[in-house]
Each structure stands twice: as C-alpha cells, then as structure tokens.
Amino acid sequence: AEVIYIDGYGNCMLGLRWPSLSGDFEIAGPAGGIALARTFSDVHKGESLCFENAMGLAEIAVNGDNAARKLGLEIGSKTPVRKLSG
C-alpha cells in the first residue's frame with residue numbers, strides 16, 4: 001500500500017480499499033506492525049492503528065499524535081501489508 005494523502009492531523013490515507021483487508025492482516029510500519037482497529041479507542045494513547053476511513057480506504061493514525069511525523073511517513077511512502085494467518 002502507498003500513502004496517498006496526509007490530513008492536517010497527520011493521519012495517512014492509503015491507496016488501499018479496506019474490504020481487501022478481510023481476515024488477519026497488519027500494516028508493516030517502521031517500528032513494527034500496525035494492527036487493524038475499528039476506532040481510536042481500540043488502542044492506547046500513543047499507539048498506531050489502521051482503520052477504515054469514511055471513504056472506505058485504509059488509514060494509518062496514532063492515537064493522540066501525528067502519525068506522519070511519528071512514523072516518518074509522507075505521500076508516496078510504501079507501507080507493506082502482511083497476512084498474519086492462513
């Protein structure tokens with residue numbers, strides 16, 4: 001997946017449709033895996049998550065922080081997707 005947009009909060013939208021992540025997947029971030037989550041409250045403050053945004057795309061965020069800055073992401077950054085099981 002590739003970062004296609006970064007909003008004013010530093011959330012990183014990926015060019016990846018959320019439904020394509022059915023099953024057990026994680027996004028590979030620079031400091032380890034980024035778990036799929038439904039909401040920000042699914043992770044502790046300061047932890048990374050990947051969720052479905054309002055447009056049905058996968059989006060990387062950090063609860064209470066700027067994901068682009070914290071994870072070193074910019075538009076065009078590649079974010080590998082890894083299947084966890086099966």
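Leaving out neighbours within four places in sequence, Ile6 is in contact with Asn11, Cys12, Ala68, Leu73, Glu74 and Ile75. Contact here means heavy atoms within 4.5 Å. Ile6 sits in strand 1. Its relative accessible area is 24%, so Ile6 counts as partly exposed. The cut-offs are these: buried is under 20% relative accessible area, exposed is over 50%, and partly exposed is in between, with a 1.4 Å probe and protein chains only. The C-alpha atoms of Ile6 and Gly29 are separated by 16 Å, and the two residues are 23 apart along the chain.

This is a predicted model, in which local features need pLDDT of at least 70, side-chain atom pairs count only at pLDDT 80 or more, and totals for chains, interfaces and linings use all residues. Residues are numbered from 1 along each chain as its sequence is written, and side-chain values use heavy atoms, with hydrogens and water left out.

**The four-stranded sheet**

Strand 1 belongs to an open sheet of four strands, in the order 1-2-6-5, with antiparallel pairing. Its edge strands are strand 1 (3-6) and strand 5 (48-52), and each pairs on one side only. From one strand to the next, the twist averages 30 degrees. Angles run from 0 to 180 degrees between N-to-C directions, and axes are lines fitted to C-alpha atoms, for helices over the stretch in contact.

Two terms need their rules. Strands (E, at least two residues) and helices (H or I, at least four) are DSSP runs, numbered from the N terminus. Two strands pair if DSSP finds at least two bridges between them.

Strand 2 (residues 12-17) and strand 6 (residues 57-62) run antiparallel and are joined by three bridges. Across this pairing, Arg17 stands opposite Leu57 in strand 6.

**The three-stranded sheet**

A second open sheet has three strands, ordered 4-3-7, again with antiparallel pairing. Strand 4 and strand 7 stand at its edges with a single partner strand each, so one side of each has no neighbour in the sheet. Here the twist averages 40 degrees from one strand to the next.

Strand 3 (residues 25-29) is mostly covered, with five of its five residues buried. Side chains in a regular strand alternate between the two faces of the sheet. What covers the two faces of strand 3? Both are lined by buried residues: Phe25, Ile27 and Gly29 on one side, Glu26 and Ala28 on the other.

Strand 3 pairs with strand 4 (residues 32-35) in the antiparallel sense over four bridges. The two form a hairpin, with two residues between them. Strand 3 is also joined to strand 7 (residues 81-83), antiparallel, by three bridges. The table lists residues of strand 3 and the residues opposite them.

| Residue in strand 3 | Residue opposite | Strand of the residue opposite |
|---|---|---|
| Glu26 | Ala35 | strand 4 |
| Glu26 | Arg82 | strand 7 |
| Ile27 | Val81 | strand 7 |

**Two buried loop residues**

Thr79 is found in the loop between helix 1 (67-71) and strand 7. At 3% relative accessibility, Thr79 counts as buried. Which residues does Thr79 contact, leaving aside its neighbours within four places in sequence? They are Ala1, Glu2, Val3, Leu14, Ile27, Ala28, Ile60 and Leu73.

Asn53 lies in the loop between strand 5 and strand 6. With 9% relative accessibility, Asn53 also counts as buried. A polar atom of the Asn53 side chain lies 2.9 Å from the backbone nitrogen of Met55. Not counting residues up to four places away in sequence, Asn53 touches Met13 and Glu59.

**The aromatic pair**

The structure holds one aromatic pair. The rings of Phe40 and Phe51 have their centres 5.4 Å apart and their planes at 55 degrees, so the pair is tilted. By rule, rings of Phe, Tyr and Trp (its six-membered ring) pair if their centres lie within 6.5 Å; planes under 30 degrees apart count as stacked, over 60 as edge-to-face, and the rest as tilted.

Phe40 lies in the loop between strand 4 and strand 5, and Phe51 in strand 5, so the pair ties together parts 11 residues apart in sequence. Are the two residues buried or partly exposed? Phe40 is partly exposed, with a relative accessible area of 31%. Phe51 counts as buried, at 11% relative accessibility.

Conventions
Polar contact = N/O pair within 3.5 Å; in protein donor to acceptor, adjacent residues only side chain to side chain.
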